[in-house]
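Got the viewer open and a selection box ready? Let's walk through this one stop by stop, picking things out as we go.

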Amino acid sequence: SSLRKNGFVLLGSGDIAEQHPCKIVDMSTSKTGKHGGAKVHLVGIDIFTEKKYEQIGGSTDNMNVPIITRTDYQLIDIDKEYVTVLDSNGDTRSDFKLPSMCDSDVELAEHIKTAFDEGKDVTVSVTSAMGVDAIKAYKIGKD
């Protein structure tokens, strides 16, 4: 399928292990020149670290697209930087860390801790891609 703004792509140099899953925030094309095909300029924001990456490639080049999943878990405990969560099957997991990959994550972690400490029913959303799992959102259940 074709790439589009707000879609996802792997950006960065080197092999696939060194690339970053990014949300495309800007995309522009240049016209075919005298000595070659059209070029595409992609600007993406890493979905985990919020770092900006840019890449220029040929309009017919293949691009890798990350498989991104999002899973909701019920928060049942916070122990320092780790959380214990309950999945939809009733199984618990204690291997997720509170968000800390970028500035907005620190704020998100504080909101999650505050809501949990107030005894609210907190659901965390874990985004997974390229072998990385990170809490990137939360919501408070209805009382």
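A polar contact, as used on this tour, is a pair of N or O atoms within 3.5 Å; within protein, one of the two must be able to donate a hydrogen and the other to accept it. Keep in mind throughout that this is a predicted model.

**Stop 1: a polar contact on the helix**

Select Asp105, which you'll find in helix 1. Is Asp105 buried or exposed? Its relative accessibility is 3%, so Asp105 counts as buried, the cut-off being under 20%. Now add Lys136 and show both side chains: a polar contact of 2.9 Å joins them. Expand the selection around Asp105 and, leaving aside neighbours within four places in sequence, you'll pick up Phe48, Pro99, Ser100, Ile135 and Lys136 as its contacts.

**Stop 2: the five-stranded sheet**

Zoom out and colour strands 5 to 9. Five strands make an open sheet here, in the order 7-6-5-8-9, with antiparallel pairing. Which strands stand at the edges? They are strand 7 and strand 9 (132–140); each has a single partner strand, so one side of each is left without a neighbour in the sheet. Look along the sheet and you'll see the twist, which averages 45° from one strand to the next.

For a close-up of one pairing, pick strand 5 and strand 8: they run antiparallel and share six bridges. Thr69 is a handy marker, as its bridge partner in strand 8 is Ser128. Then switch helix 1 back on: it packs on the sheet, touching strand 5, strand 8 and strand 9, and its direction makes about 50° with that of strand 9.

**Stop 3: the core**

Next, show side chains for Leu75, Val83, Val85, Phe96, Ile112, Val124 and Ile135. These are the residues with the most contacts inside the largest nonpolar core, which has 15 residues. At least two core residues come from each of strand 5 (69–79), strand 6 (82–86), helix 1 (103–117) and strand 8 (122–129). Helix 1 gives the largest share, four residues. As background, nonpolar side chains tend to be buried together in soluble globular proteins.

Centre on Val124 for a good view. Which residues does Val124 touch, leaving aside neighbours within four places in sequence? The contacts are Thr71, Asp72, Tyr73, Val85, Ile112, Ile135, Ala137 and Tyr138.

There is a second, separate core too, with seven residues, among them Val9, Val40, Leu42 and Tyr53. Keep those four selected for a later stop.

**Stop 4: the ring pair**

How many aromatic pairs does the model have? The count comes to one. Select Tyr73 and Phe96: their ring centres are 5.3 Å apart and their planes stand at 55°, so the pair is tilted. The pair links distant parts of the chain, with Tyr73 in strand 5 and Phe96 in strand 7 (residues 92–97), 23 residues apart. Both rings belong to buried residues, Tyr73 and Phe96 alike.

**Stop 5: the four-stranded sheet**

Now swing over to strands 1 to 4. Four strands form an open sheet in the order 1-2-3-4, and the pairing is antiparallel. Strand 1 and strand 4 (52–58) are the edge strands, each pairing on one side only. On average, neighbouring strands of this sheet are turned by 45° against each other, direction ignored.

Step across it pair by pair:

- Strand 1 (residues 8–11) and strand 2 (residues 20–30) are antiparallel partners over four bridges; look for Phe8 opposite Lys23.
- Strand 2 and strand 3 (residues 39–46) pair antiparallel over eight bridges; Cys22 has Asp46 as its bridge partner.
- Strand 3 and strand 4 are antiparallel and joined by seven bridges; here Ile45 stands opposite Lys52.

The residues you kept selected, including Val9, Val40, Leu42 and Tyr53, belong to the second core.

**Stop 6: two backbone oddities**

Finish with phi angles. Asn6 has a positive phi of about 75° although it isn't a glycine; find Asn6 in the segment before strand 1. Then go to Lys80, another non-glycine residue with a positive phi, about 55°. Lys80 sits in the loop between strand 5 and strand 6. Is Lys80 buried or exposed? With a relative accessible area of 74%, Lys80 is exposed.

Notes:
Residues are numbered from 1 along each chain as its sequence is written. This is a predicted model: local features need pLDDT of at least 70, side-chain atom pairs count only at pLDDT 80 or more; totals for chains, interfaces and linings use all residues. Side-chain values use heavy atoms; hydrogens and water are left out. A nonpolar core is a set of buried Ala, Val, Leu, Ile, Met, Phe, Trp, Tyr and Cys residues joined through side-chain atoms within 4.5 Å. Buried means under 20% relative accessible area, exposed over 50%, partly exposed in between (1.4 Å probe, protein chains only). Contact means heavy atoms within 4.5 Å. Two strands pair if DSSP finds at least two bridges between them. Axes are lines fitted to C-alpha atoms, for helices over the stretch in contact, and angles run from 0 to 180 degrees between N-to-C directions. Rings of Phe, Tyr and Trp (its six-membered ring) pair if their centres lie within 6.5 Å; planes under 30 degrees apart count as stacked, over 60 as edge-to-face and the rest as tilted.
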